[in-house]
Amino acid sequence: MRAVFQRDAVQGFPVVIEDLFAARTQLSQVAMLSGEPIALFFELPVRDEQQVDLLQFRLESGGGDGDGADSAERTWRVMVSFHFEHLGVMHAAIHLSGDAVAATWWAEQPATVQFLEGHLETLEQRLQDMGLRVASLTCAEGRPPEPEGNVPGTSWQGVIHERA
């Protein structure tokens, strides 16, 4: 695999910029074609006036769980995490199966939880306007529970376990 390095003008650290991204994309495409469950991790930078924040995503797919026509239906789970200065740390778990969607939001600041709860009805209406059937929309204070099988002290947010 050929890697091209470029100097980061701010930090001076080498940054891999080419074939590694293409290889990851190809591996993801092969996994999707095989029908095996996949998990993709990525970050999306967003600019808020002078500040740049990162939205962290984990996207998982799986096949259907039942018999008959619905068994071939792919299900999706999206975990999103971000920290906006005015909202604090937030997380969301979104599940999509066919036309049914369910989402749980977690916020570490009580005021943000109240804000979210005050807008769930609007979110539900907009999802329904898009043709989705809303199974549930909930908010909670704190952080999402650790996925089963995770090493204690780690979470779905990171790809690398720092203590390993």
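# A tour of the sheet, its helices and its core

Begin with strand 3 and strand 4, which run antiparallel and are joined by eleven bridges. This is a predicted model, and the stops below work outward from this pair of strands.

**Stop 1: the hairpin.** Select strand 3 (38–48) together with strand 4 (51–62). The two strands make a hairpin with two residues between them. Zoom in on the turn and pick E49, whose phi is positive at about 55 degrees. Beside the turn, D48 stands opposite Q51 in strand 4.

**Stop 2: F41.** Stay on strand 3, where F41 is found. Is F41 buried or exposed? Its relative accessibility is 21%, and buried requires under 20%, so F41 counts as partly exposed. Now add F57 to the selection. F41 and F57 are 16 residues apart along the chain, while their C-alpha atoms are separated by 5.7 Å.

**Stop 3: E60.** Move to strand 4 and select E60, which lies in that strand. Which residues are the bridge partners of E60? On the strand 3 side, A39 has E60 as its bridge partner in strand 4. In strand 5, the bridge partner of E60 is R77. Show the side chains of E60 and R58 as well: a polar contact of 2.4 Å joins them. With neighbours within four places in sequence left aside, E60 is in contact with I38, A39, T75, W76 and R77. A39 and R77 thus appear both as contacts of E60 and in the bridge pairs A39 with E60 and E60 with R77.

**Stop 4: the whole sheet.** Turn on the cartoon for strands 3 to 8. These six strands form an open sheet in the order 3-4-5-6-7-8, with mixed pairing. Strand 3 (38–48) and strand 8 (133–141) are the edge strands, each pairing on one side only. On average, neighbouring strands of the sheet are turned by 15 degrees against each other, direction ignored. Step across the sheet from strand 4: strand 4 and strand 5 pair in the antiparallel sense over seven bridges. Next, strand 5 (residues 75–84) and strand 6 (residues 88–97) run antiparallel and are joined by ten bridges. On this pair, find F82, which stands opposite M90 in strand 6. Both residues come back at the core.

**Stop 5: L87.** Select the loop between strand 5 and strand 6, where L87 is found. Is L87 buried or exposed? L87 is buried, because its relative accessible area is 17% and the cut-off for buried is under 20%. Show the residues around L87: apart from residues up to four places away in sequence, L87 touches Q109, T112 and F115. For a distance to check in the viewer, take L87 and E108, which are 21 residues apart in sequence and 8.8 Å apart in space, C-alpha to C-alpha.

**Stop 6: two helices on the sheet.** Select helix 2 (residues 110–117), which lies across strand 6, strand 7 (100–107) and strand 8. Helix 2 runs at about 160 degrees to strand 8. Then select helix 3 (residues 120–129), which packs on the sheet and touches strand 7 and strand 8. The direction of helix 3 makes about 155 degrees with that of strand 8.

**Stop 7: the core.** Which residues of the largest nonpolar core touch the most other members? Of its 19 residues, these are F82, M90, W105, L116, L137 and C139. The elements giving two or more residues to this core are strand 4, strand 5, strand 6, strand 7, helix 2, helix 3 and strand 8. Strand 7 gives the most, with four residues. Centre the view on C139 and show its surroundings. With residues up to four places away in sequence not counted, C139 touches W105, V113, L116, E117 and L120.

**Last stop: the full chain.** Zoom out and show everything. The chain has three helices and eight strands, and from the N terminus on the elements run β-β-α-β-β-β-β-β-α-α-β. Of the 164 residues, 24% count as buried. Among contacts with a separation of 6 or more, 32% are between residues 24 or more positions apart. With the surface switched on, the chain exposes about 11500 Å², and carbon and sulfur atoms supply 55% of that area.

Conventions. Residues are numbered from 1 along each chain as its sequence is written. This is a predicted model: local features need pLDDT of at least 70, side-chain atom pairs count only at pLDDT 80 or more; totals for chains, interfaces and linings use all residues. Side-chain values use heavy atoms; hydrogens and water are left out. Two strands pair if DSSP finds at least two bridges between them. Axes are lines fitted to C-alpha atoms, for helices over the stretch in contact, and angles run from 0 to 180 degrees between N-to-C directions. Contact means heavy atoms within 4.5 Å. A nonpolar core is a set of buried Ala, Val, Leu, Ile, Met, Phe, Trp, Tyr and Cys residues joined through side-chain atoms within 4.5 Å. Buried means under 20% relative accessible area, exposed over 50%, partly exposed in between (1.4 Å probe, protein chains only). A polar contact is a pair of N or O atoms within 3.5 Å; within protein, one must be able to donate a hydrogen and the other to accept it, and residues adjacent in sequence count only if both atoms are side-chain atoms. Accessible areas come from the Shrake-Rupley method with a 1.4 Å probe; for residues, only the protein chains shown count as cover.
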